[in-house]
Amino acid sequence: MKRLAIILFAALAVAGCKGTDSPPNTESQITDIRLEKSRNPFLQEDIQGVVEQDRAIAWFIIPYVCPITTLDPTITYSKGAKTLSPVGKINGNSATYISVISEDRNNPSITRYSVRALLLPEGEPRIDHFSFEYKEGETIINPTLDRGNANGIIDQETKKITVYLLYSGVGKRFTPSISYTGARVSPTGEVNFSSPVKFIVSTPDGRATEYTVTVNFVQ
C-alpha cells in the first residue's frame, strides 16, 4: 500500500510539472548585438550595436578607421530562437543577412535581419556625386529619361548642386543616384524637382551638411 502511494505521488508530481510547462516562444528576434574586443583584436574597445526591430536591421557605428571586412559579432537571440544557418565573420562593407527562427517549431516565425557596420568619416559629411540615371544595373529607376543621363555640378563651397537635364516630359519627379561620405542622406527615393530641393547628408554623431539641388530642364 505504501509503495502504491509513492508511485501515485510521483505520477501526480510529474503531471503537475508537465502542466506548468510554458509554451514555446514564438519570437524570432536578435535582441542584442555587439563587437567585443576579445573577438575583434583590431578594435580599441567593445562596441555596442543597435537593433531596429521594426525594420529588422542591426548595425554598428565604428568611430575610427579599422578593417571591417572580418567582423566577429556577439549576438543574442530571443529565448530558444536560433539562426537558420551558422553566422561566422561578416563583411561590414556590405549587408549580411541573418535569418532567425523562433523556438516554436510547430508554428515557427522567421525574421530576416540585415546587419552591417558604419565607419564614421573624418571631416564633414558631403555629397560626392549626384546624377540622374535611366538605369542602375539592370533596374530602370527613371523610365521617363529617354534622352540620356545627367550629372550634377557640385560646388562644395556653396553646397549647391546644379543639374542640366534634357527632358521633354511633363512630370518632374525623379530618383537621383547619389554617392556621399556619411551615414545617410535624405530625402531618398523619388523626389519632385520642379523647384530646388534640400538634401542633407548626416552622420550618427550629429554632423550634417545641407545641399541645395536645382534642376534646369532643357527641351
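In which strand does S202 lie? Select S202 and you will find yourself in strand β19, where strands (E, at least two residues) and helices (H or I, at least four) are DSSP runs numbered from the N terminus. What you have open is a predicted model, in which local features need pLDDT of at least 70 and side-chain atom pairs count only at pLDDT 80 or more, while totals for chains, interfaces and linings use all residues. Residues are numbered from 1 along each chain as its sequence is written, and side-chain values use heavy atoms, with hydrogens and water left out.

**Around S202**

With S202 still selected, note that it is buried at a relative accessible area of 19%; buried means under 20% relative accessible area, exposed over 50%, and partly exposed in between, with a 1.4 Å probe and protein chains only. Now show its contacts, meaning heavy atoms within 4.5 Å: leaving out residues up to four places away in sequence, S202 touches P125, G182, A183, R184, R207 and A208.

**The whole chain**

Zoom out to the protein chain, which holds one helix and 20 strands. Of its 219 residues, 35% count as buried, and among contacts between residues at least 6 apart in sequence, 50% join residues at least 24 apart. If you display the surface, the chain exposes about 13100 Å², with carbon and sulfur atoms supplying 53% of that area; accessible areas come from the Shrake-Rupley method with a 1.4 Å probe, and for residues only the protein chains shown count as cover.

**Two nonpolar cores**

Next select I33, L35, F60, I62 and V115, which touch the most other members in the largest nonpolar core, a set of 20 residues. A nonpolar core is a set of buried Ala, Val, Leu, Ile, Met, Phe, Trp, Tyr and Cys residues joined through side-chain atoms within 4.5 Å. Strands β1 (30-35), β4, β7 (96-101) and β8 (110-119) each supply at least two residues of this core. Centre the view on I33, and, beyond its neighbours within four places in sequence, you will find it in contact with residues including Q48, V50, A58, F60, I75 and V115. A second, separate core has 19 residues, among them A150, F193, V197 and F199.

**The sheet with β4**

Colour β3, β4, β8, β7 and β6, five strands that form an open sheet in that order with mixed pairing; two strands pair if DSSP finds at least two bridges between them. At the edges stand β3 (50-52) and β6 (82-83), each with a single partner strand, so one side of each is left without a neighbour in the sheet. Strands β3 and β4 run antiparallel and are joined by three bridges, and V51 stands opposite A58 in β4.

Move to I57, in strand β4 (residues 57-62), which counts as buried at 18% relative accessibility. Apart from neighbours within four places in sequence, I57 is in contact with V50, V51, E52, Y113 and S114.

**Aromatic rings**

Select F132 and F193, which form an edge-to-face aromatic pair, 5.1 Å centre to centre with 85° between the planes. Rings of Phe, Tyr and Trp (its six-membered ring) pair if their centres lie within 6.5 Å, with planes under 30 degrees apart counted as stacked, over 60 as edge-to-face and the rest as tilted. F132 lies in strand β9 (residues 126-132), whereas F193 is in the loop between β18 (191-192) and β19 (197-202), 61 residues apart, and both rings belong to buried residues. Widen the selection to F130, F132, Y167, F174, F193, F199 and F217, which ring pairs link into a cluster.

**Strand β14 and its partners**

Show the side chains of strand β14 (residues 160-166), where I161, V163 and L165 point to one face and are buried, while K160, T162, Y164 and L166 point to the other and are not. Strand β13 (residues 153-155) runs antiparallel to β14 and is joined to it by three bridges, with D155 opposite K160. The two strands form a hairpin with four residues between them, and K159 in the turn has a positive phi of about 60°. Strand β20 (residues 208-218) pairs with β14 in the parallel sense over seven bridges, and T212 in β20 is the bridge partner of K160.

**Last stop: S177**

Finish at S177 in strand β16 (residues 176-181), a residue buried at a relative accessible area of 9%. Not counting residues up to four places away in sequence, S177 touches H129, F130, S131, E133, E136 and I141.
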